[in-house]
Amino acid sequence: IRNLVDANQLKDWAKFLLTYKFAIDEMETKFNILNEELQFIQQYNPIEHVKSRIKTPKSILDKMRRKNLALSMDNVKTHIQDIAGIRVICSFNSDIYRLVDMISAHSDIRIVQVKDYVKHPKPNGYQSLHLIVEIPVFLTDRTERVLMEIQIRTIAMDFWASLEHKIYYKFDKQIPDHIEQQLRETAHIISSLDERMVQLHLEVQSYK
Ligand code: 0O2
């Protein structure tokens, strides 16, 4: 961005990107509150941990180029919906839908899109539930509505996705067929592991 805009605009861009950081802060707080309240009322934490990231300016520019869009704040705001990304890792697949329901019930959040790769995994085996949401960020002089991506998945799904991500880049996005096949097989194992873990968890809970 530094090579494409002048110094004054650079400050505007920095301020623009800061709103995405605030959106992440707000969303992290929402998930922390849900987790703490559930711990208090049910002695149960659905969330293992939360990770977040802001897309780097370089990867925003790359995505704009891939989409053949001119670089403007309006275009970025409308077309790059994952500048702010938050990943929520849960213990059990049943927690994924509980969290989606609880977050969807927040009156200040608008659900823009749901991509359910848990019910419908990607052909490579990738499983995760993605939400694009719009959240208000309250600034000194205005309220900005910010789009962000929430990815919700189990520990096992996350384990698979992080290995697949490394393999994808190691082979420069051209994974050999036999490795792709093994990834699909391990994704099936991940699904049945998640299913067994949730059954085990329900059985243990029935002893309480
Ligand atoms: P990073 O580094 O996580 O930011 P779109 O954003 O709508 O143009 P797409 O692919 O339709 O693109 O969005 P989708 O399906 O919601 O996926 C977006 C993100 O999900 C990716 O972000 C990854 O984080 C994750 N993801 C999607 N598919 C896969 C997959 O097959 N394997 C793994 N490991 N992760 C996946 P980025 O921008 O690619 O990367």
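What percentage of the 208 residues of the chain count as buried? In this predicted model, the share is 21%.

**Figure 1. Overall view of the chain.** The chain contains 6 helices and 5 strands. Their order along the sequence is α-β-α-α-β-α-β-β-β-α-α. The C-alpha trace spans about 65 × 50 × 20 Å along its principal axes. Of the contacts between residues at least 6 apart in sequence, 64% join residues at least 24 apart.

**Figure 2. The span annotated as a domain.** An unreviewed UniProt entry places the feature "domain: RelA/SpoT" at residues 52-175. Helix makes up 36% of this span and strand 31%. The C-alpha atoms at the two ends of the span lie 27 Å apart.

**Figure 3. Residues around the ligand.** The shell consists of Lys55, Asp82, Gly85, Lys115, Lys122, Asn124, Tyr126, His130, Ala161, Glu164 and His165. By residue class, 5 of them are charged, 4 are polar and 2 are nonpolar. Helix H5, residues 155-170, gives the most to this shell, with 3 residues.

**Figure 4. Strand S5 and its partners.** Strand S5 covers residues 143-154, and 9 of its 12 residues are buried, so the strand is largely enclosed by the rest of the structure. Strand S2 (residues 84-90) runs parallel to S5 and is joined to it by 6 bridges. In this pairing, Ile89 stands opposite Arg153 of S5. Strand S4 (residues 129-138) pairs with S5 in the antiparallel sense, over 10 bridges. Here Ile132 has Glu149 of S5 as its bridge partner. S4 and S5 form a hairpin, with 4 residues between the two strands. In a regular strand, side chains alternate between the two faces of the sheet.

**Figure 5. The largest nonpolar core.** This core has 23 residues, of which Ala23, Met27, Val146, Met148 and Ile150 touch the most other members. At least two residues of the core come from each of helix H1 (7-42), S2, helix H4 (93-104), S4 and S5. Leaving aside residues up to four places away in sequence, Ile150 touches Met27, Ile86, Val88, Leu131 and Val133.

**Figure 6. A second nonpolar core.** Separate from the largest core, a second one is made of 6 residues. Ala156, Met157, Trp160 and Ala187 are among them.

Key:
Residues are numbered from 1 along each chain as its sequence is written. This is a predicted model: local features need pLDDT of at least 70, side-chain atom pairs count only at pLDDT 80 or more; totals for chains, interfaces and linings use all residues. UniProt positions are given in the numbering used here, feature names are shortened, and annotations may be inferred rather than shown by experiment. A residue is near a molecule or strand if its C-beta atom, placed from the backbone, lies within 6 Å of it. Ala, Val, Leu, Ile, Met, Phe, Trp, Tyr, Cys and Pro count as nonpolar, Asp, Glu, Lys and Arg as charged, and the others, Gly among them, as polar. A residue is buried if 20 or more other C-beta atoms lie within 10 Å of its own, exposed if 12 or fewer, and partly exposed in between; C-beta atoms are placed from the backbone. Two strands pair if DSSP finds at least two bridges between them. A nonpolar core is a set of buried Ala, Val, Leu, Ile, Met, Phe, Trp, Tyr and Cys residues joined through C-beta atoms within 7 Å. Two residues are in contact if their C-beta atoms, placed from the backbone, lie within 7 Å.
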